[in-house]
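Please walk through the model below, beginning with a loop residue, then the sheet and the helices across it, and ending with the cysteines.

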Amino acid sequence: MGEEVIMSNKQVILKHYVSGYPKESDMELKNSTIKLNVPEGSNVVILKNLYLSCDPYMRGRMKKQEGSYINSFTPGSPITGFGVAKVLESGDSNFKKGDLVWGMTGWEEYSIVTTTHQNYLFKVNDKDVPLSYYTGILGMPGMTAYVGFYEICSPKKGETVFVSAASGAVGQLVGQFAKMLGCYVVGSAGSKDKVDLLKSKFGFDEAFNYKEEHDLDAALKRYFPDGIDIYFENVGGKMLDAVLLNMNLHGRIAACGMISQYNLEQTEGVHNLFYIISKRIRMEGFVIFDYFHLYSKYLEMIIPKIKAGDVVYVEDVVEGLENAPTALVGLFSGRNIGKQVVMVSRE
């Protein structure tokens, strides 16, 4: 047994369950202490957190929910989410001191984690790319784009593809994957800057600001005069309703998220579901935890494309754990451009 090491540990705490839009005041920064020692016989891993990922799914964890694929946060305890970290000590034979890893960790300077089905830790083996990429293109959002597009949608060259929330962590990649395959791709986003980014940076054929479209059905007919073969669903609500009117026969919808509904006390209904029958549409929801076995296959595909410049990725990085609540809340007003990341430490 080594000498006991106790460190101060800043943490972002969820104060209470949240209704409506989350606010910075729903969270607080707290100073705590942590023992950086692995108890004898334990398989825990002690991490120094470097980057934390802000993701829309975290909104659901800020309220009491039953039957979800992931547990709610615990009021009075640190928020948890995907992040990149350095191993300080390990009782797990799969990891050793000095390893860089990504996976589920705490919103704090140091975390003690045990690997489980929902708490994967992956070693970072390729360090020739920005470490922060493991919160995004090389982490959960990248895998989400890959699985949703290739595995769920079974795309073919020449098909028409629509991506909502297209400038976000997942959408920006789906559009690029579709273009690589030779599809016609249109994205929606919530500002002129984001629309410009979709066309100039990510190579979308067309893009529009949904906030400026009073009739989403008419907008989709304008951009898809021959209908939509594939819809990558990140938004839900009125957008999903309009898309169903414009899907082609045997169209596919990958239901990844529905951010328009996350802050509503009463979620909106969808009125055009009958088109799933009449147009023989296949709509499938998916959760990335079920697909992590494909991670090595995904890395073999994506890392060469990143290094060759065939895929680009835009991040919105804020520095300091104290700025994490503002960064997370900003997701739900569209404040971020690209993947929202919090840098906690430079190692």
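**A loop residue, a sheet and two cysteines**

Val-18 is buried, with a relative accessible area of 7% (buried means under 20% relative accessible area, exposed over 50%, partly exposed in between, with a 1.4 Å probe and protein chains only). The model is predicted: local features need pLDDT of at least 70, side-chain atom pairs count only at pLDDT 80 or more, and totals for chains, interfaces and linings use all residues. Residues are numbered from 1 along each chain as its sequence is written, and side-chain values use heavy atoms, with hydrogens and water left out.

Val-18 sits in the loop between strand 1 (6-14) and strand 2 (27-35); helices (H or I, at least four residues) and strands (E, at least two) are DSSP runs, numbered from the N terminus. Apart from neighbours within four places in sequence, Val-18 is in contact (heavy atoms within 4.5 Å) with Asp-26, Arg-59, Met-62 and Lys-63. Between the C-alpha atoms of Val-18 and Leu-249, 231 residues apart along the chain, the separation is 41 Å.

Leu-249 belongs to the range of strand 12 (residues 247-255), and this strand is part of an open sheet. Six strands form that sheet in the order 10-9-8-11-12-13, with parallel pairing; two strands pair if DSSP finds at least two bridges between them. Strand 10 and strand 13 (282-285) are the edges, each pairing on one side only. On average, neighbouring strands of the sheet are turned by 15° against each other, direction ignored. Axes are lines fitted to C-alpha atoms, for helices over the stretch in contact, and angles run from 0 to 180 degrees between N-to-C directions.

Strand 9 (residues 184-189) and strand 10 (residues 206-209) run parallel and are joined by four bridges, with Ala-189 partnered by Asn-209. Together with helix 3 (residues 192-200), these strands make a right-handed β-α-β unit: with the strands pointing away from the viewer, the path from the first strand over the helix to the second runs clockwise. Strand 11 (residues 228-233) pairs with strand 12 over five parallel bridges, one partnership being Tyr-231 with Ile-253.

Helix 4 (residues 216-223) lies across strands 8, 9, 10 and 11, at about 165° to strand 10. Helix 5 (residues 237-246) lies across strands 8, 9, 10, 11, 12 and 13, at about 150° to strand 12.

Why is Cys-183 without a bond to Cys-153? The two sulfurs are 9.9 Å apart, too far for a bond, whereas a disulfide is a pair of cysteine sulfur atoms within 2.5 Å. The whole structure has zero disulfides. Cys-153 is buried at 0% relative accessible area, and Cys-183 is buried at 3%.
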